[in-house]
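Open the structure in your viewer and keep the selection panel at hand. Each stop below tells you what to pick.

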Number of protein chains: 2
Amino acid sequence: MTKRTDKPTRPSPQRPRQAAIRAASAKTPKVVSAKLAEARPVANRAERSAERRAAIVEAAMDEFVARGFAATRLDDIAKRAGVAKGTLYLHFKDKESMFEELIRTALVPLISRLAAPPTITGPVRDAVEGFAEIFIREVATTRRGDIIRLIVSEGPRFPAIADFYFREVVSKGLAAMHRLVQLAITRGEIRQKELAHFPQLIVAPAIVAVIWQSLFARHAPLDGIAMFKVHLDLIFGERRTT
Amino acid sequence: MTKRTDKPTRPSPQRPRQAAIRAASAKTPKVVSAKLAEARPVANRAERSAERRAAIVEAAMDEFVARGFAATRLDDIAKRAGVAKGTLYLHFKDKESMFEELIRTALVPLISRLAAPPTITGPVRDAVEGFAEIFIREVATTRRGDIIRLIVSEGPRFPAIADFYFREVVSKGLAAMHRLVQLAITRGEIRQKELAHFPQLIVAPAIVAVIWQSLFARHAPLDGIAMFKVHLDLIFGERRTT
DNA sequence: CAAATATGACTGACTAGTCAGTCATTGTCA
DNA sequence: TGACAATGACTGACTAGTCAGTCATATTTG
């Protein structure tokens with residue numbers, strides 16, 4: 001029950017060590033708080049607020065990725081972001097909203113990348129290979145990969161997130177893949193016509209690479225890009241030139 | 001900590017409604033308690049204890065799969081299993097041990113399946129296809145698939161589980177795949193020799209199918225077996241006969 | 001200085017784990 | 001074999017502790 005029947009009067013809160021506290025918190029290798037302390041030319045309200053929010057988002061991302069939704073403590077997020085817990089509530093309604101908003105925000109760059117010019121100049125294979133190289137280097141290796149794992153983990157418990165992810169990322173990405181495959185088939189680059197029905201097959205190795213990184217990289221490193229090239233050889237036939 | 005320095009007298013607990021409580025608990029539609037009530041020929045202590053344990057394992061599996069480790073309440077597991085919370089601690093040391101032991105137990109059948117006769121009679125493709133069909137039907141669709149998702153979700157937070165899973169399932173499975181691929185290459189069934197370096201490519205679609213089921217089946221059903229057959233066509237070349 | 005922001009102590013709901021007490025089953029003995 | 005004693009599986013009320021969310025107070029800004 002946590003009695004806490006004491007503390008009857010609280011003789012005067014007296015925030016004495018404010019500076020000290022800040023100093024201590026600045027001393028820690030916290031990402032953004034340091035940045036705030038150094039480069040603060042003037043920073044009006046809006047800017048500072050945006051910076052704070054960014055710091056919170058960054059910290060929350062780290063914590064959620066490391067521990068999952070349920071096991072993450074808002075106290076830890078606040079500490080890592082260099083703010084008080086109450087401040088979190090100035091930016092987010094509650095823990096759940098924070099989590100959902102975070103995932104969505106984190107996916108925005110991915111989405112814009114997907115919507116980027118799908119103009120094909122050379123062989124389709126090169127397009128797919130470039131796409132995969134970017135994906136594996138920028139997703140499987142970075143924290144965006146963790147986001148994918150987070151979605152796999154928490155998706156079933158956050159249908160809103162799974163829905164959003166399917167709508168904004170998966171279906172768009174698969175549609176793009178579908179188009180590429182169709183093009184490659186008409187061009188004769190791909191012989192297996194059935195592949196058009198399962199664009200998931202194109203990206204499957206990339207997904208596996210992401211999962212492998214977070215679970216087994218320690219036991220057996222996996223060169224995702226090399227693996228994907230072999231995969232492309234299967235799809236497009238073995239490459240002639242080196 | 002758990003002080004417990006107090007409790008000097010405990011005025012006399014007086015458990016009055018023992019019978020009533022039992023009746024109530026029996027009335028609930030609990031899985032195993034019902035079974036016990038009906039088919040109880042004699043059921044000595046050991047048998048009953050084993051049944052209890054099985055009920056707990058079953059219930060715990062359901063709860064952990066549905067909510068993840070952190071969000072699962074032991075009270076709920078106990079209620080679902082039709083036992084008191086204290087009983088859980090007669091079978092498991094604590095929540096974490098319970099979780100880990102559960103995962104291991106759940107994988108035993110999978111492991112024995114992997115260690116099963118790898119004798120190849122016909123084409124390697126048929127062996128792989130049979131293997132995949134079993135896997136997708138018995139794993140992607142059933143609760144074993146949830147276990148895989150659970151490992152992906154909680155693995156990073158339970159290194160012991162990730163280690164165990166890698167050692168007992170992943171590395172063995174990949175080694176088996178590697179052997180199959182080698183055989184197929186020497187037989188001329190597979191032309192792409194590099195495939196031997198990445199046996200993960202063989203199983204990637206199966207993994208993706210598992211994940212798809214739990215996240216997106218609602219939005220867009222996926223025929224995992226059909227997908228895998230197309231995948232095999234890519235690896236072995238398109239199948240001649242229907 | 002008033003308004004806008006930020007703080008962190010505090011609350012209360014919730015939960016892992018404990019343990020004194022109960023009682024069905026098993027063992028013992030006449 | 002029937003009565004009685006011993007056992008230990010089982011129970012659930014209870015404790016200590018945790019943590020999301022609040023709000024009175026303090027600080028900063030314009």
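The tour starts with the two chains and then goes to rings, a polar contact and salt bridges.

This is a predicted model, in which local features need pLDDT of at least 70, side-chain atom pairs count only at pLDDT 80 or more, and totals for chains, interfaces and linings use all residues. Residues are numbered from 1 along each chain as its sequence is written, chains are lettered from A and ligands numbered from 1 in the order in which they are written, and side-chain values use heavy atoms, with hydrogens and water left out.

**The two chains**

Show chains A and B. A turn of 180° and a shift of 0.0 Å along the axis lay chain A on chain B with an RMSD of 0.2 Å (least-squares superposition on the C-alpha atoms of residues with pLDDT of at least 70 in both). The two copies are therefore related as by a two-fold rotation axis. Both copies use the same surface: 100% of the contact residues of chain A recur in chain B (contact means heavy atoms within 4.5 Å).

**Aromatic rings**

How many aromatic pairs does a search of the whole structure find? There are 18 over all chains. Rings of Phe, Tyr and Trp (its six-membered ring) pair if their centres lie within 6.5 Å; planes under 30 degrees apart are stacked, over 60 edge-to-face, the rest tilted.

Select F99(A) and F158(A). Their pair is tilted, with 5.1 Å centre to centre and 50° between the planes. F99(A) lies in helix α6 (residues 95-114) of chain A and F158(A) in the loop between α8 (143-154) and α9 (159-187), so the pair ties together parts 59 residues apart in sequence. Helices here are DSSP runs (H or I, at least four residues), numbered from the N terminus. Both F99(A) and F158(A) are buried (under 20% relative accessible area; exposed is over 50%, partly exposed in between; 1.4 Å probe, protein chains only).

Next, F166(A) and F216(B). This tilted pair has 5.3 Å centre to centre and 45° between the planes. It crosses between chains, from helix α9 of chain A to helix α10 (residues 200-216) of chain B. F166(A) and F216(B) are both buried.

Add F64(A) and F69(A) to F99(A) and F158(A): the four form one aromatic cluster. Then pick K95(A). K95(A) lies over the face of F69(A), 4.7 Å from the ring centre (NZ of Lys or CZ of Arg within 6 Å of the ring centre and within 35 degrees of the ring normal). In chain B, R104(B) lies over the face of F164(B), at 4.8 Å.

**A polar contact between chains**

Go to Q192(A), in the loop between α9 and α10 of chain A. Is Q192(A) buried or exposed? At 5% relative accessibility, it counts as buried. Its side chain makes a polar contact of 3.3 Å with that of D233(B) (N or O atoms within 3.5 Å, one able to donate a hydrogen and the other to accept it; residues adjacent in sequence count only if both atoms are side-chain atoms). Residues that Q192(A) touches include I185(A), V230(B) and L234(B).

**Salt bridges**

The structure holds 38 salt bridges over all chains (a side-chain nitrogen of Lys or Arg within 4 Å of a carboxyl oxygen of Asp or Glu).

Select D146(A) and R149(A), bridged with the closest N and O atoms 3.8 Å apart. About one helical turn of α8 separates them.

Finish with R80(B) and E63(B), bridged at 2.9 Å between the closest N and O atoms. R80(B) sits in helix α4 (residues 74-81) and E63(B) in helix α3 (residues 45-71) of chain B, 17 residues apart. R80(B) is partly exposed at 35%, whereas E63(B) is buried at 5%.

Notes:
Helices (H or I, at least four residues) and strands (E, at least two) are DSSP runs, numbered from the N terminus. Lists of a residue's contacts leave out its neighbours within four places in sequence.
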